[in-house]
Amino acid sequence: MSEKIEQESNSEELENGDEIISLLNEETSEQANKYDSLVNDAETHRLSGMFKEWFLDYASYVILERAVPHIEDGLKPVQRRILHAMKLLDDGRFNKVANIIGSTMQFHPHGDASIGDALVQLGQKDLMIETQGNFGNILTGDEAAAPRYIEARLSKFALEVAFNSKTTTWMDSYDGRNKEPVTLPMKFPLLLAQGVEGIAVGLASKILPHNFNELIDASIAYLKGEPFEIFPDFPTGGLADCSAYNQGRRGGKVKIRAKISKNDNKTLVITEIPFGLDTSKLIDSIISANDKGKIKIKKVDDNTAKDVEIVVHLPAETSADVTIDALYAFTDCQISPSTYACVIRNNKPAFISVHEILTSSADQTRYLLGRELEIKIDEFEEDWHYSSLEKIFFEERIYRELEKDSASWNEQLQAIEKAFEPFKVQLKREITGEDIVKLTEKPVRRISKFDIKKAEEHIKDVEGEIEAAKKSLSNLTAYTIEYFRKIKKKYGAGKERKTELRSFDIIKATEVVMANQKLYANVKEGFVGYGGDIKRDENAQYICDCSDIDEIIVFFKNGKYIISKVSEKAFVGKDILYINVFKRDDSRTIYNMIYRDGRVGPVMMKRFCVTGIMRDKEYDATKGNPNSQTLYFSANPNGEAEILKIYYKPRPRLKKTIEVFDFSAQSVKGRNAGGSILSKNAIHKIVLKEKGESTLGGQKIWLDHEQNKLNSENRGLYLGEFFPNDKILVLTKQAYYYTTSFDLVNRYEDDIMVIKKLDPEEVFTVIYFDAQQKLYCVKRITFDKSVNKERFIDEDAASYLVDFSADIYPQIEVTFAGKHINHKPERIDVEEFVPVKNPRSRGRRLSSREIGNAKFVEPLDKNPAEEILHSNPTEEILHPNPAEGTPIQTSLL
């Protein structure tokens with residue numbers, strides 16, 4: 001089992017999605033009255049035809065009117081109707097949610113419960129709706145209070161990007177009493193910002209939420225013709241691996257992990273959880289895994305309030321690093337939701353990518369802004385026209401035509417129109433009767449107070465507005481880009497990315513699962529397992545601890561071997577020679593073997609490893625000749641090579657009947673190799689003379705920066721070749737140090753300053769500020785094999801690390817401040833200035849003068865012949881890469 005097994009939800013919906021879409025495309029408008037005809041028609045109808053038509057109608061309704069969002073505004077119908085109802089109620093104050101639900105029911109033909117739930121979900125997304133009261137908690141899963149106790153209103157962001165009655169297309173509501181928008185004129189990729197999940201008939205839609213600011217940046221990049229990438233960002237934070245995201249299309253998948261840190265070696269703290277889960281569900285999955293024996297924990301405390309805090313207490317002798325991997329492998333601390341971006345486009349469902357959704361939104365935003373500019377130009381043109389008419393009307397005293405009592409009303413209107421004839425060339429369009437009537441409706445007091453100069457200024461202002469609007473319209477793309485920038489500046493604060501993007505390592509479940517079973521074997525009869533039946537067998541013997549998902553490797557006396565999954569009781573074969581838990585890809589476990597080739601053949605010797613083979617298939621470690629027999633066998637987890645004493649059967653002319661053989665002289669080869677001839681003489685017995693040491697050398701270790709985990713696969717920074725007693729030294733930016741083993745399951749913190757193979761003789765130099773004495777100090781220290789995290793500067797929390805060096809002959813430059821600011825900077829030879837001590841020493845004060853700054857400069861060159869490359873913490877130490885023979889970065893991060 002190489003990865004945690006994940007389940008894909010809604011698979012049936014996805015399989016049937018294309019079929020539903022094709023059926024919808026065949027639907028015609030001639031089916032409008034089929035229900036009445038079916039009820040009133042006395043003829044017989046085939047059920048298959050009725051089912052096809054009625055099912056299609058039902059599927060169409062659920063897809064188009066309930067479950068799937070529209071690409072233009074990113075909203076489901078119920079969400080759109082809620083926002084529309086809230087806009088009608090909007091007066092800047094909060095409204096009771098119960099009142100909003102009642103208003104929405106004018107447009108939504110379903111129950112109040114569905115409206116209330118949708119409104120609460122919109123409020124929890126904290127984008128389109130401002131809330132007041134208890135709207136529930138997405139972290140703990142707590143439900144919202146009753147609608148009569150909570151209030152909501154549209155956010156300023158929603159009012160700016162989602163509403164404009166002049167660019168909205170309207171339709172009748174379900175009962176014909178009201179008008180509702182077909183879609184809202186959305187000028188923002190709301191669908192990608194909020195995400196959506198809906199299950200329809202035969203298909204489903206699941207679009208993960210994305211980051212507000214990143215969506216705006218991507219929209220700007222698209223409008224500029226530049227490439228862009230967008231990835232999910234979840235309100236619950238956590239870690240995400242989007243390598244298989246596939247732009248949110250069907251078949252895409254995102255791995256999401258909880259953020260787990262080590263409080264100490266016996267306490268883990270979960271501070272961020274996967275999207276879609278709450279703390280209760282996550283804790284239940286942890287307890288379930290513990291009950292099944294997959295992990296081992298003492299207890300779990302949920303201290304979640306404003307932020308998530310789940311504390312997992314571990315029992316003694318349990319590795320925190322292994323438990324973290326096990327939590328990811330066996331609990332909901334890691335989930336893998338599938339993606340299938342389905343939207344309504346051109347009144348039909350369509351499966352598209354998130355890139356297409358974003359580009360469609362950007363294009364629509366540009367179009368809507370263009371329409372708004374066109375409408376604004378028309379309004380300004382109308383304003384200019386009427387203002388010009390009004391100015392001429394009063395400036396040329398055309399209003400006096402109204403003072404002639406002898407003329408009728410129509411004659412007066414005609415006289416006014418005739419009076420405007422000389423001035424028509426100054427206007428941009430024809431004068432209509434409505435224009436003249438509107439002028440005559442001015443009250444007399446308006447005529448007496450009319451200011452010609454003020455009217456001219458107003459006309460100039462309107463002309464400026466028209467010119468600016470036309471300029472923006474002619475540069476619509478640039479205008480749209482500026483619009484997005486204003487939106488980001490106005491509303492982007494506090495909407496930084498919460499989910500950290502990483503490339504996850506593959507967690508092998510067999511390596512992190514708890515050994516919750518005991519393996520027994522009846523060597524003579526060939527039965528192996530962990531169940532009660534074999535435990536009660538008198539001839540069965542205990543082999544080792546194992547888990548119920550482990551594999552075992554079994555060698556037989558005839559030289560054959562198999563790998564099988566462990567079970568409660570299984571027959572593997574008689575005459576078992578060796579049995580143990582098998583680890584795939586383990587190239588350090590070496591099997592040393594001496595066997596007779598056939599009945600009378602020579603005695604062969606071989607050393608080999610088994611890294612991975614097919615399960616339950618029989619393999620042969622010998623040459624395969626009949627009646628071959630294993631004479632000696634050993635399994636060595638670190639490639640040890642023992643020394644044997646071999647006794648031969650006496651025979652004439654055999655001078656040496658005893659011989660010493662050292663396995664270290666034999667090279668390790670593949671499992672299919674036949675081996676080398678040890679002797680052609682018959683062997684009486686083989687006795688172990690001396691246990692050997694590893695012939696594989698040390699284990700080469702690298703640090704993968706993305707995972708902050710060790711590996712032996714040449715990924716990341718090379719730390720060195722490690723032998724059993726070696727340790728890794730870790731120094732953090734907060735001035736703590738500790739050492740660890742080089743176990744590949746180890747995890748390290750993100751604030752690592754130095755990580756390298758521990759050399760107890762290596763000297764480091766530290767400049768730090770002592771908060772208690774308010775002094776700058778320097779000390780030279782060496783580190784020991786401390787497992788517990790300890791501080792290597794003053795314990796006062798206000799004390800801090802100033803600079804750090806691994807130079808052999810470091811040199812410090814000190815500049816001064818205060819009354820000594822004009823004093824010449826000093827350089828200090830640290831080797832002469834302070835002796836080497838342990839990390840708990842306080843060091844020596846740098847200067848009695850007030851210090852402005854202290855830093856390491858180029859080291860002194862005291863012994864060029866023995867110079868070794870060292871650097872400051874901001875640089876990298878170089879070591880040769882044994883795999884490629886070239887220097888690569890290591891140690892200092």
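**Strands, a helix and cysteines in a predicted model**

Visitor: How many bridges join strand 36 to strand 37?
Guide: This is a predicted model. In it, strand 36 (residues 699-704) and strand 37 run antiparallel. Within this pair, Leu703 stands opposite Leu710 of strand 37. The number of bridges joining strand 36 to strand 37 is 3.

Visitor: Which strands stand at the edges of the open sheet, and why is one side of each left without a neighbour?
Guide: The open sheet consists of 3 strands in the order 37-36-38, with antiparallel pairing. Each edge strand has a single partner strand, so one of its sides has no neighbour in the sheet. The edge strands are strand 37 (709-711) and strand 38 (717-722).

Visitor: By what angle are neighbouring strands of this sheet turned against each other on average?
Guide: The sheet in question has the strand order 37-36-38. With direction ignored, the average turn between its neighbouring strands is 30°.

Visitor: Which residue in the turn between strand 39 and strand 40 has a positive phi?
Guide: Strand 39 (residues 728-732) pairs with strand 40 in the antiparallel sense over 4 bridges, and Ile728 stands opposite Thr740 in strand 40. The two strands form a hairpin with 3 residues between them. The turn residue with a positive phi, of about 70°, is Ala735.

Visitor: What is the bridge partner of Tyr737 in strand 44?
Guide: Strand 40 is also joined to strand 44 (residues 790-791) by 2 bridges, and these strands run antiparallel. In strand 44, Tyr737 has as its bridge partner Glu790.

Visitor: How many of the 5 residues of strand 40 are buried?
Guide: Strand 40 spans residues 736-740 and is largely enclosed by the rest of the structure. This follows because the buried residues number 4 of the 5.

Visitor: Which helices do the buried residues of helix 13 pack against?
Guide: Helix 13 (residues 409-419) has Gln412, Leu413 and Ile416 as its buried residues. They cover an arc of only 100° around the axis, and therefore lie on the same side of helix 13. On the other side, Asn410, Gln414 and Lys418 are exposed. The buried residues pack against helix 12 (354-395) and helix 14 (433-440).

Visitor: Which cysteine sulfur is closest to that of Cys544, and why is there no bond?
Guide: Cys544 is buried, at a relative accessible area of 14%. A disulfide requires sulfur atoms within 2.5 Å, and the count of disulfides comes to 0. The closest cysteine sulfur is 6.0 Å away, too far for a bond, and belongs to Cys546.

Key:
Residues are numbered from 1 along each chain as its sequence is written. This is a predicted model: local features need pLDDT of at least 70, side-chain atom pairs count only at pLDDT 80 or more; totals for chains, interfaces and linings use all residues. Side-chain values use heavy atoms; hydrogens and water are left out. Buried means under 20% relative accessible area, exposed over 50%, partly exposed in between (1.4 Å probe, protein chains only). Two strands pair if DSSP finds at least two bridges between them. Axes are lines fitted to C-alpha atoms, for helices over the stretch in contact, and angles run from 0 to 180 degrees between N-to-C directions. The arc is that of the directions from the helix axis to the C-beta atoms. Contact means heavy atoms within 4.5 Å.
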